[in-house]
Amino acid sequence: MSTHFAQTPPASCDALFSTVQVAAFSGASYRQLDYWCRTGALVPTFDARGSGTQRRYTAHETRVAWAVRVAQELTETTTGRGGGLFQAVAGVLVHMPDNGWDGMLILGDGAPLVVDHALALLDAIAELGPAVAIVDLSACPDPLTWKHEP
């Protein structure tokens, strides 16, 4: 379910980022971000509506793009496949509270899972089986303080 705001962002939005800024921050290409948006895996707060409009992303959505790109790269490296994973990862992270970025994202044969401490990680691996990849979400920089250096 996507949410589009007609005029102003919700009060919790401190800043909005353009697709170019999100691409630089996340390491995903402009084209990859566009694909994720068109498939519904990543839904920006302000979606482009026709010619001359631009997508705008919140800091949380920017972090989701970073995590999806990292998760996809890790699974492509470890398994040789990463297609379709971005939708599952984004689906888990988009509803995660802002304080969830201190946890770890576990990618296995089942649905992606976010855990918040080492014991939960061990429990999840015991329950889900071997992890294909683990993404340390705390490694994601804060988009509000991040400085791009070309």
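Read from the N terminus, the elements of the protein chain follow the order β-α-α-β-α-α-β-β-α-β. In this predicted model, the secondary structure amounts to five helices and five strands.

The protein chain has 150 residues, and 39% of them are buried. Its accessible surface is about 8600 Å², with 53% of that area belonging to carbon and sulfur atoms. Of the contacts between residues at least 6 apart in sequence, 61% join residues at least 24 apart.

In soluble globular proteins, nonpolar side chains tend to be buried together. The largest nonpolar core in this model comprises 30 residues. Leu 33, Leu 93, Leu 105, Val 135 and Leu 137 are the residues with the most contacts inside this core. The elements that give two or more residues to the core are listed below.

| Element | Residue range |
|---|---|
| α1 | 19-26 |
| α2 | 30-38 |
| α3 | 59-79 |
| α4 | 85-93 |
| β3 | 104-107 |
| β5 | 133-136 |

Helix α3 provides the largest share of this core, namely eight residues.

Leu 105 illustrates how distant parts of the sequence meet. Neighbours within four places in sequence aside, Leu 105 is in contact with Ala 71, Val 89 and Leu 93. The contacts of Leu 105 also include Pro 112, Leu 113 and Val 114, together with Ala 133, Ile 134, Val 135 and Leu 137.

A second core, separate from the largest one, consists of six residues. Among them are Ile 106, Val 115, Leu 121 and Ala 124.

Conventions
Residues numbered from 1 in each chain as written. Predicted model: local features only at pLDDT ≥ 70, side-chain atom pairs only at ≥ 80, totals over all residues. Heavy atoms only, no water. Helix = DSSP H or I, 4+ residues; strand = E, 2+ residues; numbered from the N terminus. Buried < 20%, exposed > 50% of the residue type's maximum accessible area, 1.4 Å probe, protein only. Contact = heavy atoms within 4.5 Å. Areas by Shrake-Rupley, 256 points an atom, 1.4 Å probe, with all protein chains shown as cover. Core = buried A, V, L, I, M, F, W, Y, C linked by side-chain atoms within 4.5 Å.
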